[in-house]
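The following account leads the reader through selected features of a protein model. Please consult the sequence and the structure shown here while reading.

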Amino acid sequence: MTDAATFFLSLTGFVALLLAMPRHQGDWLGRKLSATAGRALRLSGFAALAFAVAGIGFGWGVGAVAWFGWLTIAAALVVTAHTNRERIMRKVRR
Amino acid sequence: MPWAVAANFPSEEAFYKAAFSENAQEASGTLAAVAPLPVLIGEAEKVWGMSPSFVAISHPGDAAAIATLYPLRDALGNNPKPLRLNAVTGAPLDVALSDLDASRATEGVMIQLHAGWFAGPVLRWLYFLSGVGGTVMIASGLVLWTVKRRAKLPDPARPHFGFRLVERLNIGVTAGSCAGIAVYFLANRLLPLGLANRADWEINSLFIAWGGLFVWTLARPAKRAWIEALAVCTALYALVPIVSAATTGRGLIPSLIARDWVYVGFDGVMLATAAACAFTAWKVASHKPKVAPRRKARELAEAAA
């Protein structure tokens with residue numbers, strides 16, 4: 001259960017960080033967000049990544065290792081989804 | 001990483017002597033039988049409340065024999081200390097191992113982090129996936145290095161020696177090591193049990209297979225070499241579960257029936273690796289290299305004219 005929570009918090013965090021970058025807002029949202037909204041996204045993204053370790057029930061030693069593991073998976077997923085955006089969108093529209 | 005030892009100690013023996021000096025004890029010269037193992041293990045279970053993972057006995061058969069028992073490694077950093085027993089009587093020795101100093105505690109944690117002994121199944125899969133990610137990153141980086149440089153070559157059809165060398169090494173190292181590891185698993189199951197130095201021959205067969213495939217890929221055109229080497233990898237990895245089922249009682253189907261997920265997982269990973277190799281071979285075979293952009297081609301034509 002803690003694994004799932006850590007993973008989803010990490011995933012949410014990275015998605016928020018991605019959307020906080022003006023370069024990528026047009027790709028995914030179709031418009032640019034205001035600077036305030038971008039800053040809020042960036043802050044909440046980092047907060048989610050930080051909470052991902054706090055939400056772990058393994059204790060600090062093993063928890064830190066598990067946190068890095070889930071961060072890696074979440075980051076890899078976000079980057080893969082982002083670089084294959086066109087392909088995914090085509091599949092979704094069909 | 002032996003550098004730290006090499007930089008600070010004249011020899012490896014000197015390092016081990018300094019690091020584990022309390023283990024050194026002269027033999028007394030009088031004969032005495034070692035206590036039965038269950039006695040020693042029972043003593044450890046009494047002290048720790050868990051079983052030892054490893055028992056070392058120095059000077060077995062001597063009256064001064066000492067048994068050192070190491071606990072199971074299922075916690076990160078705070079395992080109980082190793083236990084030293086008089087190996088003849090099974091009584092704990094007064095000279096307990098000195099408290100873990102900072103450097104040895106650090107070493108312990110680094111090794112535990114590296115090997116992941118403490119980790120449960122989910123964390124072990126994360127370790128595995130991170131390892132796969134790192135490996136794929138290195139392999140794809142090696143390939144991209146040549147792809148990027150090929151486009152910049154004056155004549156991509158006839159690259160210079162250095163480029164060809166790197167291209168060849170890439171194929172031989174990436175696909176060759178991959179095939180070698182499959183052969184290592186196969187050798188583990190196929191080599192006769194009575195073979196002298198069997199464990200060494202498992203490792204030898206890894207490098208023999210790797211070297212053989214390397215030589216083969218050198219003799220073939222680059223694209224064919226990739227496809228053939230990856231096809232060999234596919235066949236070898238697909239063979240591992242088949243050979244396991246034929247030579248051991250731990251085939252995929254018996255393991256599934258016994259719900260032995262470790263063995264099921266291993267066979268599953270072998271099959272997934274075979275599938276990944278087959279997919280990559282197919283991708284290479286159906287790959288059409290991009291033609292140079294028109295402007296670039298025109299510049300090249302003008303430069304040639």
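Which residues form a nonpolar patch on the surface, and what accessible area do they have together? In this predicted model, the patch consists of W125(B), F128(B), L129(B), V132(B) and V136(B), and their combined accessible area is about 440 Å². One of these residues, F128(B), lies in helix α5 of chain B, which spans residues 121–152. F128(B) has a relative accessibility of 36% and is therefore classed as partly exposed, since that class lies between the limits of 20% and 50%.

A second surface patch is positive in character and draws on both chain A and chain B. From chain A come R87(A), R90(A), K91(A), R93(A) and R94(A), while chain B supplies K283(B). The greatest contribution is that of helix α5 of chain A (residues 85–93), with 4 residues. K283(B), for its part, belongs to helix α10 of chain B, residues 261–285. The relative accessible area of K283(B) is 45%, so this residue is partly exposed.

Attention may now turn from the surface to the strands of chain B. Strand β2 of chain B (residues 66–71) is largely enclosed by the rest of the structure, because 5 of its 6 residues are buried. Strand β1 of chain B (residues 52–58) runs antiparallel to β2(B) and is joined to it by 6 bridges; here I57(B) stands opposite A67(B). Strand β3 of chain B (residues 83–86) is also antiparallel to β2(B), with 4 bridges between the two. Within this pairing, T68(B) has R84(B) of β3(B) as its bridge partner.

Key. Residues are numbered from 1 along each chain as its sequence is written. Chains are lettered from A and ligands numbered from 1 in the order in which they are written. This is a predicted model: local features need pLDDT of at least 70, side-chain atom pairs count only at pLDDT 80 or more; totals for chains, interfaces and linings use all residues. Side-chain values use heavy atoms; hydrogens and water are left out. Patches are made of residues with over 30% relative accessible area and no salt bridge: like charges are joined within 9 Å, nonpolar side chains (Val, Leu, Ile, Met, Phe, Trp, Tyr) within 5 Å. Accessible areas come from the Shrake-Rupley method with a 1.4 Å probe; for residues, only the protein chains shown count as cover. A salt bridge is a side-chain nitrogen of Lys or Arg within 4 Å of a carboxyl oxygen of Asp or Glu. Lys and Arg count as positive and Asp and Glu as negative; His and the chain ends are not counted. The place of a charge is taken as NZ of Lys, CZ of Arg, CG of Asp or CD of Glu. Buried means under 20% relative accessible area, exposed over 50%, partly exposed in between (1.4 Å probe, protein chains only). Two strands pair if DSSP finds at least two bridges between them.
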